[in-house]
Every structure is written in structure tokens, then in C-alpha cells.
Amino acid sequence: MKLRHAMVCASNQNRSMEAHALLQREGLDVSSYGTGNQVKLPGPTIRDPNIYQFGTPYTAIIEDLKNKDPDLYKRNGLLPMLKRNASVKDAPQRWQDNAGDGAFDVVLTFEERVFDLVNEDLQNREQTLFKTVLVVNLDVKDNHEEAAVGAKLALDLCKKLEESEKNWEDEIDDIVRRFEKQHKRRLIYTICFY
Amino acid sequence: MAAMMAVPPEARERAVALLHDAQLHPDAAAKLDSLRELRELALHREPRLLPELLPVLLELRNDRASAIRNFLVEIIEEVGLRQVEYVPVMMPVLLTLLRGEPAFARRAITAGTNLFRHTLEYVLLKGIYTRQVDKFMQDSWISVLQFKEFVYPFAQQHGNDGVRLHAVKFIETVILLFTPDPSGPSQPPLPDRLDGTSKGINVSWIVSGHPLLDATAMGQEASKSLGLLLNQLRQPDVSALPGPVAIVIVNSLAAIAKRRPSFYGRILPVLLSLGPSCEAIKGGQVASVVTALKNAFVQLLKCTYPAAAPWRDRLTSALRQMNAGDVADLAVERSSRGGERESRESSSRSNRVKEERQDPRNKRPPPQENGNDEESYGKRLRTTPPPPVQQHFHPDASGYANGAGLPPIQQMIQMFEALAAKGEIASIDLLMSRLPPDTLADVVIVNMQNLPPSVPADFMDKPQLLPPPPPPPPIEPVAMDGRRDPRRDPRRMDPRMDPRRLPSPGPPMVMPKQEDLQQPGVPPVFRTVKAEPVSPPVMNSRDPRASLKATSVKMEPTFTHVKSEPDEDMGIRTISTMYGALYPSSDALDDRQEAGTSGAGLSSFLPVVTLSNEQRATLGNSALTRILEGSKSVSAAGGGGLRIALLARLTAQSAEALNTLQKHILADYANHMGHELALHVFYELYLMHIAGGDSIEKYENFFVSLVSLYSCKKFDNVVFKQSQGLKDSLPPSDKSLSKLLCEIPLFPEGAFALLESLCNPINEPNGDRVTQGLSALWSLILQRPAVRERCLNMALECAVHEVDDARTKAIRLVANKLYPVTFISQKIEEFATKMLLSVVNVGGHNVDSEAQERSTLQEVAPGDQEANAADGGGTKAEAQRCMSLYFALCTKKHALLGELFNVYDRAPKPVKQAIHRQIPVLVRTVGQSSPELLSIISAPPQGCENLLLQVLHVLTEGTTPSPELIKTIKQLHETRIKDAVFLIPILSSLSKEEVLPIFPRLVDLPPDKFQVALARILQGSAHTGPALTPAEVLIALHGIDQQRDAVPLKKVTEACSACLQQRNVFNQDVLAKVLNQLVEQTPLPKLFMRTVIQAVGTFRSLVGFVMDILLRLVNKQIWKTPQLWVGFLKCASETTPHSFRVLLQLPTAQLENALVKHPTLKTPLAAHASQPSVRSSVPRSSLVLLGVIQDDVTAVEAASAPSSSGNAPQQ
């Protein structure tokens, strides 16, 4: 039986989408989300970011940015990223509103704050299935290069978890230890219930 | 069967076919397909097939394919959720699967958890509606309880962590299900809205009774289950806890604490004790456990109910320690911001609803943060129970099936009225027994308007306690405010929270609350009252209250007269206003009579019974007990603070009430808010004392009985075991006693006795009490200046206690905690010095201290057998008892060391022994860099040499002495004490140039000391290597001049021997090198020949080398130095035959001399010389001397021989 994975970052644009794209290519069951209140993308200056609601299609965002300053957004890699995203799914999704998407087995977050938010959200949901969900945090900086590295790490971790064949609850410490040793990256995990 | 008949034949056929397929198919995947279809058929399309199919399906448990068994678990879950009555049949199968492989066990627990919840929901609701038990209910409930018993142990132990996780989650679910949810709906949904879908349940619905379930027992069960989880986080279990299990337990506990305020105080201490590092938890992923703990703390910090408030500081500091202080600040800021905003809001409407602000229940969650505020830490947690919407008071609450538009209270009253009109008292009883206590209470309150017009005589008897009812006007504004939303009336929020309206357990007592407040002396209103039908709303234009009712009767059908003022002032005044409500002014009553309603008519028949004093007391007491028992629901609802204030005021009036309260407090100190309660009572009693009402004795008595009960509860094992809750809530390090002592208004005399007994563990094998007593003293010293002195003295006395354990603990307290406090350090120091001097001065000054010192020092080394050698100054143990404190202080203030050295000289022998025994630890703590210690070393007081020596040894033991220390010791040696023994500790760090000048002094030491010194010199330091090589040592030894260096020759020879005994260090190479160098010296060292002899005696292989030396000596005319000549000959005689060659080189005169001294040499020497090869090289005269050749010259030679030998010295 395959595990259901969720990749979560703040805006469901860069890190989670990079991982989503990669895991999907590798044939894993994967979704992706953001935990922010809105989708934030870099703007012309650090003080005016581009803000969209979750659910705004990636194509719509592309159009909007193209209208604003095509050169800038091509240069800083936003447009290529958004095009990639559009090829994976329609629109950024918000984690807190994903109750309808069913229970995941593994949730991978790319930032400790996101991890905490996912954790808090899961604990505050009404728990009816008593099904475990592993939430793991892997710190990845929010830029294109690091996101690519992070996605590969995410893939490796998820494959390791898949290999444990639904028995990760017993082996999680071991899996995490092996991953940390191999990649010299620190992981934090917790176990919640649906 | 009839049902079976209705199953369409084609469905049945299809089912049979699928079953066949499933049974016959060898391939699991195909089998699964058939089974899936079968499930679809049996569960969704034709549920009537289920009874037939289920047994066949359950047989699948023996299937070999795991996928099939997994599928079976799914089916069991699904069937159970749809049809609870099948649960008993399926449960045994589920239990079998639980025993199987971990994968199934996990899945089975998940399924079982769901079934457990669902079954409980079913049983609970069905019981509420039908009020009876059927077999299905009972069987289902028993079977899920079996499951529970089966799974519980898994949480503590199971080979598979995954199974444990699920078992822990199951326990959490059980705890949440078994305890009332303060934020959940307080009323069950109506039966007709029950459609099988899960809506969640609340145990509080069955507090008043349930045919099958017992809410109290469930509460106890939940508390026990919680203990199970908590224990796993305590030592020693926690050390074996795997990471994932620890994380899940922490998460579960946080969830429970968040949702069940009553458990908050039990869970938090355990979580906090895990500490910032979780070091107790072994296993790999500690960081994850720490994060889980941090998140738990953050969530708990956001809880806003009152039980959480006292923990906030500890949570914040715990988070700070975890480097999550920013998160903590954010959470605190948010909750306080919420509070401020709220108080702003409420002050804006304070004119209208003054009381609302003070009511803790009115805290509603602050508005949601602005969505843009991304830095804010996520959504604010909704921990504050939202103001429970009392549906039956909602004018527009829809969904009431009868659709009459009347609030249920009103309906209820009408129902009562109708029944009363028909005189069906039995039906009224029945109706009442079904009503939830809240509703019943409301009915009664509404009904109070109909109390008898004439006030019973008893009420008037107590004017001093309860002033006559004040005129109504002050209350009017509240009642008059037409805009006031009835839902905002705090009393309406949740009836359980109003202290005057605590739920009485069941119907028997309808209005115990008023009596309790007015106690003593107010007779209860009897059971008959409750059957009183109510009058319809009074319409009277003259009475403003009535006019209010006319406008808003449906919204506010109850008792609007009572001014709610739920703050601490709510004392006599409120009670009196209640009087006003109970006995309204006569004209109002008259009006009502005029109205001539049937209710008023009925109420005039109220019987009034006069009670005896005992009866009154008993009733009062039992009422109080009921109030106390209601604590759980009150605190769960958050009304604890007000309740406590009221209880304290109430009970302070009578000794008996105090007694009852005490027992309640002690039954569960933490959960009953024992501290707050006791404190309030103390203040109340104190106020009464100050006001002159009572003697201070009452206060004292309450204290004494409280603490004595407290300690008995706490330490008596029998009681201890009985009260499991107490054990959980009061860990051994419990601080509640000291907290209480610090905060009570007046410090009672009895407390000293208590502390005294706590700190004197003579009959107490267990040291817990001492710790407790000491920690109480500590807090008192810091926080109660008035008793500081006495407490400090107590702590100090304890620091010289006979019992080691008590003393050690006390010393730790005094030295570590109290001594740093500036305003008492002086006193502590004085005491410690006094104790030190007391043992020192006991024996008086010893004249022959010198001799005694020697013996003391020697006795220190062998051990402590002499401990009891008493002479004048008491035993060594006694000395140690009195001095330990001083020693402990020395580590804090090094300057105190000086006094120790000062008194050493005159201390009696046992004291010296004790000092020698304790000083190593002290000196090691102080360290060699302490300037105070160095200054003592550089200028030690008279007579403390032995002590100083030990100190130096301890300081240099195992470490390299610091440059300052070396400098100080050298200075000491140069200026004050010439004894080289003080240099030994630093020898290894000295250079060759430094060692050589003092070397003679070292040689002059007793042999054993020299050995030590030698070892240090040869060992040297790690940086510079040895100060002297073995060869240099020997050469230095030989260079010692007896006169110049004032070292007796004997010492030098002993030293030499000592060196040569170390054959490994002073090996033959070393010796050869040394001898080679020495032989070149002029004059030769005195001990040279001795060393040569010893060398060749130790290493026979050196003999050839030694012969060369001897030859060189011959060349140096050794015979001219008589001392060495003797040695030379001795050496030669001991090294025959090798020495023949040398001997033959001697001039004939010396040869003759040798032969005279060693006659035995002659024959073998002659034999040697007569060998032809030798003979030629030997002088003729020598040959003649040996008698090898005989010739005429012999006579001449013989004649001349005396002269030549006589000449020899002259040459």
C-alpha cells in the first residue's frame, strides 16, 4: 500500500511545489500545501510583495505578473517557477483548509514555523479516524537552488518511509537517524492523529 | 426470519456466489475483489443480509493472506459503526487480531477505538432517552470494555512502538470521552434528531443519572487512565521510552490538559518536570521530543481558563529555557492583549452590566487576528469555552420540536402547573427525576416568587447575621434595563457556574444553596416546595419588576431580582439582596395575592418545620458537603475563584464546617484548589480575629489540624495508597506546604512546632519530610521577615543535626541558597564560626601540639579507625557534625578558610582528624587559583603545617600546579618554612635549575618522603619532562657534601640505595653513564666505590665495564685515598676472577697490601698469573710476591718488600 504524502511550505509555490513535482515524477502519491494566510511572492521591493489568495490559479498569477513587470519576474525566476507549478496542479492550496482531501500518512514541512502550524492545526482538528500521520520538518531555505536540493532530500526520505511498508511507526527513529547521518541534515518529527 | 424473507432472491444468490468465489479462489487479490463486492452488497445495498453473512465473514480471521485479514478489520469497523448490536459478536475476533502481527494490532486498535467511541455514544444517548437498559446495550458496552482492558497494557509495553502509539491514543480518547467537556453542549440533542450519525457526546449529560453508565465511576476511571499516561513520563519509566511513544504521550497529555481544565494541574507538573532538555528520555530523536514538548507548552500557554493561570509563569520560563522565549512572549502577549481588549469592551458597557466584567465566564475568545498578520502564531486556539449557548433561553432558538415558541423552562413550568392542578404529585416526582439539575434549579428559582407571604419566625431570629432585607431600589436598575440581553446575564451563561446554584445531586434537595449561604440557622425549605407549581408571569403595572416581566417575560422568566455581583465582595450583601428576592416587600406580595393566581394559592400551604440545633447542624453540614462535592463541575466551568471566596466566608463561621472543609481540602489538595481554599479560610479567620470577633485560637486550631492532617495524609502509607489522586498530584518535592506557610496572613505558633518536627527526622526513615521542612524554612526566611530569625535558627540547628541525611540537606540549603542572601549571610557565618570554635575550644589548648600533630598526621593516612578515639574534644564524628557547615561555607567564601587554618593548631586531635578528612573535598572545590587560599599558603598561621601539607598535596593531585601556586609555595619555602617537604607537591613542575639547589634538602627528608620526592622529580610535568634524569639524580646524590649541605652521610647512602633498588629506572645504562662521569671527577665522590659495588652487585653484566673503571682507578692511584681504596679492594674481591687482571696491574706494593687485606685472593691470583699468557705482562716482583717464580731475588725482594710497602703511602 502506498503512503499518501503532503509537502507543505508557507505559500505552496517554491519549496513544496519543487518537492511535489519531483515526487510526482517519481510516482509517489503526493499533494502540496501552504500554511500562510495568503500566497506571498516577491515583488519589486521587499516591502511590496505580491499577495494572492490561496486558490488563485497559477496561470492567473502568471498573467498578473506578466502585466506588472515581465522582465523582473522572468529574471528572478518567478515566472519559470509558476509555469512549472501550473504543470503540476491548478492553484496553490492552503493546508488549514484541506480537511476534505483525506488523511495523509506523511506530511513533510520545510520550515519549523510551518511545522508548528501544521502540528497545531492537526491537534485542533476533530480526530475521528485515529489514523497516525507523521509530520516531519526539513529546514530548506526559500530560494530556488535550495528548494531543488530540498526536493531531492524529500524524495529520499519519502522513499525510505515507503520502504518501511507502513511500519514507520516502529522504525521512525531509525529512519530519521539514517537520514540525518547520510545527509547531515537535521530532522524534527512528530506524530499526530486524524 | 421474516426480515430474511424480504431479501430479494437475486441479491441473496449474488451473495452466495460471491461467498463461493471468495472461499474457493486461491489468489488473495481475486478473493479480495469478491469480498469487496460482498461488503458493498451486505452493508449498503441489502443490510438485511448481514446477520447471515457476518459469521461467514468473521471466519476470515483464519485466512492466511494478510490482505484478507486486514480487510476483515475494515469490515468489523464498518459494521460496528453502522450496527452497534453486532459489536459483541465481532469483538472476540478483533481481540484475536490484536494478538497477531503488529500491523493488524495497530489497525485493530484503530478500529476498536472507533467502535468504543461509537458504542459509548450509542449507549449513553439511548440510556438518556429510554431510561432503561436492554441486552444489546449491555452486551455492546461490556464487549468494548473488554477491548479497553485488553488494549490498556499495550500503552505501557509492547514490542512494537506503532502499537503503543495507538494504545496511547486510545487511552487519550477514553479519558476525553469519560470526562465532561466544559465547552461542549450541556444538553443532549433531542431524540428525534438522533439519526445514527456521530454528534459527539458529553458525560455531563448523565451526571444526574444513567441506567447503565456511572459518570462518577467514569471520571475516576479517566483519572486512573491519566495516571497511566503520566507515569510513563516519570522516572524510571521515562528512561526507557522510545521517541515516537514519548512524542505521542506528550501530544496526548497536551490535548487532554487543553480540553479538560480539571486535569490541567495534574498534567502540567509532569510535563514541566521533563525539563528543557528531556534528558531523561534516552533514545535517538530527543530533538523531536523537545519540539513536541515545546509545542505542547505553547498550546497550553494559550489556554485561558482560570486553572491555567497559575502555571503561566512556569510555562514561560520553561519555554525560555528551551530557547523558545519569543514564542512564549507572543503567546502571553496575545492572551493578555485579549484580556485588555475585553476589559476595554466591557468597561464601555459597564454601566449596563457591571457584573459581567468580573465574571470569568464572560471571557470570550478575542476576535480573530487580522488575516494579514502572518507573524502572529497561527490561529488563536479556542481554549476558552465559548459562552455556552443556552438554547432554551434563546428566544429565537429554533429546533424545538414542539414549536410552541416557548423556552423549555416555561414549558416545564406549564407542565408542572398542569400536573399540580390535577393533583398528580406522583407524576411531578417522576418529571422532576427526569429533569437535568440545571433545568430543575431554574424551575425552582422561577417558583420562588410564590413563597409564603409570612416570613417564618426563624428567619427573623438572626438579625445580627443577616440584616433585614434592604429596600428593593438598589437592585432595580439591573432589572429595569430593558435593553439588557438576557443571554448576557452571567447567571444564564451556565447555571452550573453560579455558586448559589450548584447542581444538587439529583432531586432530593431543591434549594440547598440559599440555606448554605445563610447557614447557620436557616431552616431548609422542604421537599414539598419543589413540587410547587409556578404561577404564570405576574402582570402588575405597579411593580417595576412585574412590568419588566410583562415586556420580556419569555426571555427572562426567572428570578431577575437577584443582583448578580459575582466578585469577592459577594458576601452578606448579596445574601441580603437574595433575602429581598425571597421575601419581597409586602405590597408586592399583596399584589400577587390580589392577582389571585393558582400558584400563589398553593404556596400558602407551605409547611414550616422548626428544627433542633443538631438537625440544623447536620443539615447544614450535609449541604456543605454537597457544595464541596460540586467542586468539579464548578472548577471545570471556571468559577473556582468566586466559589472559594464564598466557601471560605461560609465555613469560617463554624468549627464543624471548617472540619468538613478541611477534609475536602486534603482529599485532593491540587484538584480541589486546596491552597487557595485554605488561604481564603485563613484570611477569613484572621479578619474575624482582627475584628475582635474571635480569639486567635480558632486560627491556630485550624492551622494545626490542617497541617497535621496534611502530613498524616501525605505520609501515612495506608492513606497514601487509598488516595491515588493525592499521590499523583503531590510529588515528594511538593511545595504546597511551604507555599501555604508563606502566604497565610498570620504565622501561627503551631507552625514552628510543625517545622521543628519536619526537620527532626529521628523517627522518620524517609528523608522526604526533611526536604519539605527545609524548603518551607527557605521560603519563609525569604518571604516572611517576621519569622525570619526563628526560621533561620531552625535551619542552622538542622545544619548541625545528628542525623547525617538531615544535616547534609540542611547544609546544602544554608550554603547554597541562604548564604548568598546578603541580609542573613552574616548571621550564618557567625553561627558556623561559633560551631567551629565550639569543637576547637572544648579540649583547651594543647601544649604538646607538636607531638600530637605527628601522631595525627600518621593516623590520617591509615584510615578512620580512630574516629572514636575520644579525648576531651568529643569524637571525630561529633567534630565533623559541627564543622561541616563551616566547610560548606568555605566553598562559597574562600576568605573563611583563614579561620580554619588559624584554629587548626589548637584543635584537639579528633577535630584535626575531622579536618583532615574533610579538607580534600573542600580544597578541590576551592581550587588552586583562589587568591584567598594562595595568601594563606604564602603566610600560614603557626602550627598548621600538617594541614597545609595536605592542602598542597590535594591541590596538586592529578593536575599541574598553576604558576601562581608554584610561586607561592616557593616563596613560602624561602621565607617562612624551610622544610623541603612542602616543595614535594610542586617538584614535578620545577626545572632542573630549581631542583638542584634544594636537592640536598630532599635527601635529608625521611626515607619515605624522599621516595615520594624522587618519584615527582623523575615524573616531571607533561610539558617540560622530568626535572632530573635518573643519571642526574645519582650524580647529584654523589655531589652532596656532608659538611656544606649538612646532610648526614647515612641519609645519602640510604638515598642511593633507594635509587638503585629501582632497577627499571636506574638500569645498567644509567649506572654505566653515571659511573663514567663520576670516575672523571676529582676528587672522587666519597660514595663512588660503594655505588660501583652496588652497581655490579645489581647488574652482573656490568662487570666488564666495572673492570675498566677499576683499571682507570688504578691509573688514578686509588690507593692514595684510603676510604676508596678499601672499597676498591672489596669490589675487586667480589668480582673475581674478572678482577685478577686489574689486581695484577697494581704496583707490587699495593698488590701485597691487597693480599694482606684479602688473603684468600692469593692462591687464585697466583694461579691466574702463572698462566703463560698472563705471566709475561706481570711485573716480576709481583710474580715473586705471588710465589709464581722463585729465584734469588726473592730474598732481596722479600727484604725490600716491607720498605716498598712502607714507602707506598709516601709516594
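B:R881 sits in helix α44 of chain B, which spans residues 876–892. The model is a predicted one. At 14% relative accessibility, B:R881 is buried, because the cut-off for that class is under 20%. Its side chain has a polar partner in the backbone: the side chain of B:R881 reaches the backbone oxygen of B:V800 at 2.5 Å. The wider surroundings of B:R881 include that residue too. Leaving aside residues up to four places away in sequence, B:R881 touches B:A799, B:V800, B:H801, B:E802 and B:R807.

Now step back to the whole of chain B. The chain has 65 helices and 0 strands. Of its 1211 residues, 54% are buried. B:R881 belongs to that buried part. Sequence separation gives another view of the chain. Take the contacts in chain B with a separation of 6 or more: 71% of them join residues 24 or more positions apart.

Further along chain B, consider a pair of helices. Helix α53 covers residues 1030–1039, and helix α55 covers residues 1049–1061. Their axes come within 10 Å and cross at roughly 165 degrees. An angle over 145 degrees counts as roughly antiparallel, so α53(B) and α55(B) are roughly antiparallel to each other. The crossing of α53(B) past α55(B) is left-handed. Which residues in α53(B) and α55(B) meet? From α53(B) come B:V1033, B:L1034, B:L1037 and B:H1038. From α55(B) come B:V1052, B:A1055, B:C1056, B:C1059 and B:L1060. By class, the contact of α53(B) with α55(B) holds 8 nonpolar residues, 1 polar residue and no charged ones. The polar one is B:H1038.

Chain A offers a second helix pair. Helix α1 (residues 15–25) packs on helix α6 (residues 144–163) in chain A, with the axes 8 Å apart. The angle is about 50 degrees. That makes α1(A) oblique to α6(A). Here α1(A) passes α6(A) in a right-handed crossing. On the α1(A) side, the contact is made by A:R15, A:E18, A:A19, A:L22 and A:L23. On the α6(A) side, A:A147, A:A148, A:A151, A:K152, A:A154, A:L155 and A:C158 take part. The residues of the contact of α1(A) with α6(A) divide into 9 nonpolar, no polar and 3 charged. The charged ones are A:R15 and A:E18 in α1(A) and A:K152 in α6(A).

Set the two pairs side by side. α53(B) and α55(B) are roughly antiparallel, with a left-handed crossing and no charged residues in the contact. α1(A) is oblique to α6(A), with a right-handed crossing and 3 charged residues in the contact.

Note on methods: Residues numbered from 1 in each chain as written. Chains lettered and ligands numbered in written order. Predicted model: local features only at pLDDT ≥ 70, side-chain atom pairs only at ≥ 80, totals over all residues. Heavy atoms only, no water. Axes fitted to C-alpha atoms, helices over the stretch in contact; angles between N-to-C directions. Helix = DSSP H or I, 4+ residues; strand = E, 2+ residues; numbered from the N terminus. Parallel < 35°, antiparallel > 145°, perpendicular 65-115°, else oblique. Left-handed = near helix turned anticlockwise from the far one by under 90°. Contact = heavy atoms within 4.5 Å. Buried < 20%, exposed > 50% of the residue type's maximum accessible area, 1.4 Å probe, protein only. Polar contact = N/O pair within 3.5 Å; in protein donor to acceptor, adjacent residues only side chain to side chain.
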